[in-house]
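User: Hi! Could you take a close look at one part of this model for me, a place where helices pack together, and then walk outward from there to the rest of the fold?

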Amino acid sequence: DGFTGKYLRNYLSKNKFECYSLRSNIFDKESIYKEICNVEPNFVVHLAAISFAAEKNSELIYKTNVIGTENLLSTIAKSKLHIKKILIASSAAIYGNQKKEAYNEETIPEPINHYGISKLAMEYVCNNYKDELPIVITRPFNYTGIGQDINFLIPKIIQSFKEKYKTIELGNIDVYREFNDIRDVCEVYRLLLISEEHSIDYLNICSGRLISISDILLAMETISNTKIEVKVNKNFVRSNEIKRLCGDPKKLKKYLNFTPKYELFDTLQWMFKG
């Protein structure tokens with residue numbers, strides 16, 4: 001029922017999948033077991049997680065992202081169901097701040113915050129089940145779209161321009177990120193589910209297109225024909241800020257022949273008008 005889950009469910013439903021949203025609490029193994037045995041899924045996409053990297057409740061981050069994943073996978077293993085593929089959403093945050101031009105799947109993880117550490121720990125949990133379950137771990141880089149929570153950067157910027165705020169308070173605007181489109185991310189998940197390729201253990205969901213926050217602000221000035229004064233709020237500047245986070249899409253292109261459909265400017269226009 002989160003941002004990605006809602007988009008993916010709708011997208012897959014339009015592409016010949018019958019989708020079912022797990023209703024059980026991720027911490028209740030018995031409930032998960034009964035529900036999975038009742039549904040008997042062909043595929044599982046695990047998106048239940050704390051996704052906000054700046055979440056301050058570290059206990060909740062680890063409990064949800066690590067223990068929640070362990071509960072799900074141990075339950076699936078216990079069920080003995082013949083599931084074709086299990087997609088687990090990790091994060092590019094596991095790569096940390098290594099000052100590389102682009103991160104590929106062979107880059108040794110060096111997470112620098114609780115969110116990234118929890119996602120790496122989750123990957124290690126998955127490794128315990130790879131001999132018995134058909135697991136593929138995805139590492140999405142930043143993506144956005146209509147309906148994403150206002151806590152996230154792009155929706156916050158979009159709202160400020162839509163409502164014609166005079167000022168906006170941000171953290172460091174000289175950081176560089178990928179900001180891909182949720183609709184492209186959904187297509188990657190669809191391609192992964194139907195792919196007969198069985199040698200994909202880890203996969204970056206990325207475009208390799210890097211942009212600074214300051215350039216996004218300039219793009220929004222063009223789209224909205226509005227200017228906003230940007231104020232740097234020291235409370236929003238993280239001491240462990242990742243300066244550059246760009247993925248290498250070679251593996252994505254090799255195995256799924258995927259090229260993003262949407263440019264960031266298109267995504268920003270869509271969100272502004274939506």
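Analyst: Happy to. Let's begin with helix α5 (residues 153-162) and helix α7 (residues 213-224), whose axes come within 10 Å and cross at roughly 35°. Please keep in mind throughout that this is a predicted model. The crossing of these two helices, α5 and α7, is right-handed. On the α5 side, the contact is made by L153, I154, I157, I158 and F161; on the α7 side, I213, I216, L217, M220, E221 and S224 take part. Sorted by class, the residues of the contact of α5 with α7 are nine nonpolar, one polar and one charged.

Helix α5 has another partner. It packs with helix α9 (residues 264-273) at an angle of about 55°, the axes being 10 Å apart. That angle makes α5 oblique to α9, and the crossing of this pair is right-handed. Here I154, P155, I158, F161 and K162 of α5 meet L268, M271 and F272 of α9. The contact of α5 with α9 has seven nonpolar residues, no polar ones and one charged. If you compare the lists, I154, I158 and F161 of α5 appear in the contact with α7 and also in the contact with α9.

What links α7 onward? One residue to look at is A219, which is found in helix α7. A219 has a relative accessible area of 15% and is therefore buried, the cut-off being under 20%. Not counting residues up to four places away in sequence, A219 touches F265 and L268. L268 is one of the α9 residues that meet α5, so you can trace a path from α7 through L268 to α5 using the contacts of A219 and those of α9. For a sense of distance, A219 and V175 are 44 residues apart in sequence and 16 Å apart in space, C-alpha to C-alpha.

Just past this packing region comes a backbone detail you may want to inspect. K164 lies in the loop between α5 and β5 (167-170). Its phi is positive, about 55°, although K164 is not a glycine. With 60% relative accessibility, K164 counts as exposed.

Now for the interior. The largest nonpolar core has 22 residues, and those with the most contacts inside it are V188, Y189, L192, L203 and L256. At least two residues of this core come from each of α1 (3-13), β2 (85-89), α6 (182-194), β8 (202-205) and α8 (250-256). Helix α6 gives the most, with eight residues.

L192 is a good place to zoom in. Leaving aside neighbours within four places in sequence, L192 is in contact with K85, L87, V136, T138, I200, L203 and L256. Among those contacts, T138 has its place in strand β3 (residues 135-140). At 0% relative accessibility, T138 counts as buried. With the same kind of sequence neighbours left aside, T138 is in contact with I88, A89, S90, S91, Y189, L192, L203 and I205. Y189, L192 and L203 in that list are among the residues with the most contacts inside the core.

Elsewhere, helix α3 (residues 58-79) and helix α4 (residues 114-127) form another pair, with axes that come within 9 Å and cross at roughly 15°. The two helices are therefore roughly parallel to each other, and α3 passes α4 in a right-handed crossing. From α3, the residues S58, I61, Y62, N65, V66, T69, E70 and L73 meet H114, Y115, I117, S118, K119, A121, M122, V125 and C126 of α4. The residues of this contact divide into 10 nonpolar, five polar and two charged.

Toward the end of α3 you can bring in Y33, which lies in helix α2 (residues 29-39). At 27% relative accessibility, Y33 counts as partly exposed. Y33 touches T75, K78 and S79, not counting residues up to four places away in sequence. Y33 and I76 are 43 residues apart in sequence, yet 7.2 Å apart in space, C-alpha to C-alpha.

Finally, K80 lies in the loop between α3 and β2. Its phi is near 65°, a positive value in a residue other than glycine. K80 is exposed, with a relative accessible area of 65%.

Key:
Residues are numbered from 1 along each chain as its sequence is written. This is a predicted model: local features need pLDDT of at least 70, side-chain atom pairs count only at pLDDT 80 or more; totals for chains, interfaces and linings use all residues. Side-chain values use heavy atoms; hydrogens and water are left out. Axes are lines fitted to C-alpha atoms, for helices over the stretch in contact, and angles run from 0 to 180 degrees between N-to-C directions. Helices (H or I, at least four residues) and strands (E, at least two) are DSSP runs, numbered from the N terminus. Angles under 35 degrees count as roughly parallel, over 145 as roughly antiparallel, 65 to 115 as roughly perpendicular and the rest as oblique. A crossing is left-handed if the near helix is turned anticlockwise from the far one by less than a right angle, and right-handed if clockwise. Contact means heavy atoms within 4.5 Å. Ala, Val, Leu, Ile, Met, Phe, Trp, Tyr, Cys and Pro count as nonpolar, Asp, Glu, Lys and Arg as charged, and the others, Gly among them, as polar. A nonpolar core is a set of buried Ala, Val, Leu, Ile, Met, Phe, Trp, Tyr and Cys residues joined through side-chain atoms within 4.5 Å. Buried means under 20% relative accessible area, exposed over 50%, partly exposed in between (1.4 Å probe, protein chains only).
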